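Please find below my note on the model you sent. I have kept to the points that can be checked against the coordinates.

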Amino acid sequence: MAVALSNAPSRAQSVINPDADSVLRAMTDQLQALQEFSVEYDTDHEVVQLDGEKIQYSASGRIALSRFAGFHMTRQGPFADTEISFDGKVVSLYGKRLNVYARIDSPGPSIDEAVAEIRAATGFDAAGADFLSADPYVSLTEGVVSGSLVGTAFVGGMLCDHLAFRNDDVDWQLWISKGEQNLPLKYVITTKWVTGSPQYTLRFRNWGTGGVSSKSFEFKPPVEASKVDVVHADVIGDLLLEAQQ
């Protein structure tokens, strides 16, 4: 296992075009070096109806993260208004519309451990979680069978490098800002194994590289909020509805 893990980056580099790998590595190195940051995001999530029609659902939110203290995330969409907080020990999930919350003990103090516990306990998986990882390069390139530099493009008025990658189950694209800050601005995942190949699009904006207060990671239940003890997506109604869409 140790040998397999140590060889993972070299395997990824062997199937990724060197120019694409260089751009991706510069972005992940910069992201990994940020000890704290905040960013706003927008998502578009396609759902294929039984008759083949595609419906796109949009949501927005904000992420504030400190690699030593925790994180606070919000997500507001047509079916959910949700907050997720992690204070280094406990993950708190709060559905505003139903005024319900739950707490999960994290197996460890790291962001990776907290995110893994959220996945295991609720079944909810945020597509952008790879960017929060302690090693974003390894997380993003896991299972990659090819990677290329498509060219340049503009996202939000900013010049970007456009990368494209393939896995067995999904194709994904990434737009990374050029210049002093090499940060992700757009991320698109195409699910190949689902009829109609629906896409999930994540756009980042207003990156901030400081000024994150750890107080925002401490969750205090609102008055009259109801606590649920069994943490599943079907119990936290707001979270479930967003995850299903």
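The numbered points below go from the overall make-up to aromatic packing, charged pairs and a few single residues.

1. Overall make-up. This is a predicted model, and its secondary structure comes to five helices and twelve strands. The protein has 245 residues, of which 46% are buried. Its exposed surface is about 12300 Å², with carbon and sulfur atoms supplying 51% of that area.

2. Contacts along the chain. Among contacts with a separation of 6 or more, 50% are between residues 24 or more positions apart. One pair of positions can be given as a C-alpha distance: I104 and D229 are 125 residues apart along the chain, and their C-alpha atoms are separated by 9.1 Å. I104 belongs to strand β6 (residues 100–105). I104 counts as buried because its relative accessibility, 6%, falls under the 20% limit.

3. The nonpolar core. In soluble globular proteins, nonpolar side chains tend to be buried together. Here the largest nonpolar core has 49 residues, and F71 and W172 are the ones that touch the most other members. With neighbours within four places in sequence set aside, the contacts of W172 are L140, V144, L163, A164, F165, N167, Y187, V188 and I189.

4. Aromatic pairs around W172. A pair of aromatic rings is described by the distance of the centres and the angle of the planes. The structure holds nine aromatic pairs. One of them is F165 with W172, which is stacked, at 4.1 Å centre to centre and 15° between the planes. Both F165 and W172 are buried. W172 also pairs with Y187, this time edge-to-face, with 5.9 Å centre to centre and 75° between the planes. That second pair links distant parts of the chain, since W172 is in strand β9 (residues 170–177) and Y187 in strand β10 (residues 184–191), 15 residues apart. Y187 is buried, as is W172.

5. The aromatic cluster. Which residues form one aromatic cluster? They are F37, F131, F165, W172, Y187, F204 and W207. W172 is thus a member of this cluster and one of the two residues that touch the most other members of the largest nonpolar core.

6. Charges over rings. Two cases are worth viewing. The charged end of R25 sits over the ring of Y137, at 3.7 Å from the ring centre. The charged end of K186 is placed over the ring of W175, at 4.5 Å from the ring centre.

7. Salt bridge between R203 and D44. Side chains of opposite charge can pair when their charged atoms come close. The count of salt bridges comes to eight. In one of them the side chains of R203 and D44 meet at 2.7 Å, N to O. R203 lies in strand β11 (residues 199–208) and D44 in strand β1 (residues 36–48), so this pair ties together parts that are 159 residues apart in sequence. R203 is partly exposed, at 31% relative accessibility, while D44 is buried, at 13%.

8. Salt bridge between K178 and D161. The closest N and O atoms of this pair are 3.3 Å apart. K178 is in the loop between β9 and β10 and D161 is in strand β8 (residues 158–166), so the bridge ties together parts that are 17 residues apart in sequence. Relative accessibility is 37% for K178, which counts as partly exposed, and 11% for D161, which counts as buried.

9. Other charged groups. E46 and K54 meet through their side chains in a salt bridge of 3.6 Å, N to O. E46 is buried, at 16% relative accessibility, whereas K54 is partly exposed, with a relative accessible area of 39%. Separately, E40, D42 and R205 are linked in a network of salt bridges.

10. Backbone points to inspect. N206 is not a glycine, yet has a positive phi of about 55°. N206 is placed in strand β11 and is exposed, with a relative accessible area of 55%. E224, a residue other than glycine, also has a positive phi, near 70°. E224 is found in the loop between β11 and β12 (226–227). At 72% relative accessibility, E224 counts as exposed because the limit for that class is over 50%.

Definitions and conventions: Residues are numbered from 1 along each chain as its sequence is written. This is a predicted model: local features need pLDDT of at least 70, side-chain atom pairs count only at pLDDT 80 or more; totals for chains, interfaces and linings use all residues. Side-chain values use heavy atoms; hydrogens and water are left out. Rings of Phe, Tyr and Trp (its six-membered ring) pair if their centres lie within 6.5 Å; planes under 30 degrees apart count as stacked, over 60 as edge-to-face and the rest as tilted. Buried means under 20% relative accessible area, exposed over 50%, partly exposed in between (1.4 Å probe, protein chains only). Helices (H or I, at least four residues) and strands (E, at least two) are DSSP runs, numbered from the N terminus. A charge sits over a ring if NZ of Lys or CZ of Arg is within 6 Å of the ring centre and within 35 degrees of the ring normal. A nonpolar core is a set of buried Ala, Val, Leu, Ile, Met, Phe, Trp, Tyr and Cys residues joined through side-chain atoms within 4.5 Å. Contact means heavy atoms within 4.5 Å. Accessible areas come from the Shrake-Rupley method with a 1.4 Å probe; for residues, only the protein chains shown count as cover. A salt bridge is a side-chain nitrogen of Lys or Arg within 4 Å of a carboxyl oxygen of Asp or Glu.
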